[in-house]
Structure formats: structure tokens, C-alpha cells
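Colleague: I should like to go through this model with you, one question at a time. Please give the reasoning before each result.

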Amino acid sequence: MKVKKSLHLIAWLLLSSLTMIQSAHSTERASKPAAEHVWQAADGVYKYGTGHGFNSMFVITTDGVIVFDSANTQHATGMLAAIKEMTDQPVRYVVQSHNHWDHAGGGQVFRDQGATILAHVEAYQWMKANPHHDLALPDEVWAGKRKDLILGGKTIELHYLGMNHGLGMTISFLPKEQVSFIADLVTPNRVLFTIVPDFNITEWVRSLKEIEKIDFNKAIYSHTHSEQPFGSMQDVVLTREFIEDLQAAITAQFKLGTPFEEIPGKIELKKYKDWVGYKEWLGMNTLRVMLDMWMGPYPWRPTPHYE
Ligand SMILES: [Zn+2]
């Protein structure tokens, strides 16, 4: 009964925060023309986003445009308008970062213009099994750990690092421009998202260490609470340190013999007190990370044959 009540509370908190994000998002969008949501990261490389809402990347080449995460129809429509204000080149590819509906929606907007939607095979399989009214199933899939997209003189490396968040999570990296597009694995200036949905904590930390080896100097994060338009490697390091500090604080409580249900109320991580969600979500973060430490990492799956 107690568990049921807290699950209801968590579901309510999650829904209300999503609604808040969505309405803030729509108001801002309506008041600004498309191009005002564009920031240039490097030659031909842009962020399209709305402050604390959703951020995508697009790359303009001499042979077409590549979009990274179409998100939803409203976001994709705004991004397409912004791209059209900047170039006559058609959108040729949409690269979806992972399986989740809130990232991979809206692809039809670009497919209607002739674009090919691309995703890792793991993301594709999930999308096929879990349809959504705003989700266009990818036209092409890729497998394994790495694919290079080469178009109009630009090279984009697609990296699949194994399990971490969702399925088929793809880190996109332009080696010449030293810009990365990273979805959900890093959100600057914010604690972990609510109940840390669909993250395998152990594999996430491992993946962050691998991302720290990628040679980028600017990152476009799908979500951010920083005032800066672009993120850096420091945000990756801080995210990993936050998780590790939280795990260490939980381990200390385990050693003290604190009753399980009292631990979320006891954790303080002063270093991160100014991050968004510190007061509201740290308890939820703690509960989720503790369960991973207590039961073992989840979600988990056996290594597929293509890895
Ligand atoms: Zn996600």
C-alpha cells in the first residue's frame, strides 16, 4: 500500500513537471521567429532549441542538411522553418539519438521533404514494438559500435557505447569541428531527471567515462539548464561525479545501518545545491540509485549478436 502511494506520487510529480516544461516551451516558441532559436557551434553546425526546452543539432553541408533528433512535430516544424531561412539545401537525413518517443517523434516532417530517418537497430526494434502517433519509424538502421556519415564534405561519427539509457543510444561527433550532440546522458546544471527513467546507472557511468575520451570542445545537449548555449566536457565530468558522489553518500548510509526508507531524506550533496531539481528531485534520484545498488543494475539485457 505504501509502495503504491509513493508510486502514484512519483507518477504525479513526473507528469506535472513534464506539463510545466511543455507549456513553458510552447509560450516561448509562439513569441519568436524560427531563426531566433538557432545558435552556431562551428562552420555549418548549429543548435536549434528553445532555452530550457528541447535542443536539436543540424549540420548544413554542400550536399544537404542532417538533423539530429526531430523530437516532435511542433519542434521539427520550427526547426525546418529555421533551416529553410538559412539554406536551400534539402534535409537528407534525420539521425535519432535513441528510442524514446520524446526524442524520436516528429520525423515525418522531414520525411515529407524527402529525408531518410536513421537510427541504431536497437532503437528501431523498440520503436517498431512500441508505436506512437507522432513517431515515424526509421527508414534505415545501423548496427555495431560505429558508423560514419559523410555528406557534402562533412564527416559525422555515430558512436554506440552499449547500454546506458534507453536503447540504441547514439553519440554524434564531428571530429573536424569538434562538436558533439549528446542526448539525455548529460544535462548541465541539473540533478538527474526525477526517478532516473530507463538508465542503467553502472553502464551510464562507464559510458560517461568513454565520452570523456571523445575530443570535443563544444557539446549540444538535448536538455540543459545552463545559461550558455553550448556545453563542454566539464558537464560530462560533473554528471559522472554527481552520480559517484551520490553512490558514495548512499554507501555511507548503508554502512551506518540507516533504514532503507529513511536514506533518501538523509542525503545532502552541497556541491550541487544550486543545480535545478536539487530540492525536488534529489530524494527521487537517491531512491533510484539505491535500488540499483541494492538489487543490481537495471534495465539490463544480454549483449546482442551485432555488438
Ligand atoms: Zn531518453
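Colleague: In which helix is the place of Thr77?

Modeller: The model is a predicted one. Residues 73-86 form one helix, and Thr77 has its place there. The helix asked for is H2.

Colleague: Is Thr77 buried, exposed or partly exposed?

Modeller: A residue is buried with 20 or more C-beta neighbours within 10 Å and exposed with 12 or fewer. Thr77 has 16 such neighbours inside 10 Å. Because this count lies in between, Thr77 is classed as partly exposed.

Colleague: How far apart in space are Thr77 and Val109?

Modeller: In sequence, 32 residues separate Thr77 and Val109. From C-alpha to C-alpha, their separation in space is 6.5 Å.

Colleague: Which helix gives the largest share of the largest nonpolar core?

Modeller: The largest nonpolar core has 75 residues, and Phe58, Ile66, Val67 and Ile182 have the most contacts inside it. Six residues of this core come from one helix, residues 278-295, and this is the largest share. That helix is H9.

Colleague: Are helices H6 and H7 roughly parallel or roughly antiparallel?

Modeller: Helix H6 (residues 201-211) and helix H7 (residues 233-256) pack with their axes 9 Å apart and at an angle of about 150°. Angles over 145 degrees count as roughly antiparallel. Therefore H6 and H7 are roughly antiparallel.

Colleague: How many charged residues does the contact of H6 with H7 have?

Modeller: On the H6 side, the contact includes Trp204 and Lys209, and on the H7 side it includes Arg240 and Glu244. By class, the contact has seven nonpolar residues and one polar residue. The number of charged residues is three.

Definitions and conventions. Residues are numbered from 1 along each chain as its sequence is written. This is a predicted model: local features need pLDDT of at least 70, side-chain atom pairs count only at pLDDT 80 or more; totals for chains, interfaces and linings use all residues. Helices (H or I, at least four residues) and strands (E, at least two) are DSSP runs, numbered from the N terminus. A nonpolar core is a set of buried Ala, Val, Leu, Ile, Met, Phe, Trp, Tyr and Cys residues joined through C-beta atoms within 7 Å. Axes are lines fitted to C-alpha atoms, for helices over the stretch in contact, and angles run from 0 to 180 degrees between N-to-C directions. Angles under 35 degrees count as roughly parallel, over 145 as roughly antiparallel, 65 to 115 as roughly perpendicular and the rest as oblique. Two residues are in contact if their C-beta atoms, placed from the backbone, lie within 7 Å. Ala, Val, Leu, Ile, Met, Phe, Trp, Tyr, Cys and Pro count as nonpolar, Asp, Glu, Lys and Arg as charged, and the others, Gly among them, as polar.
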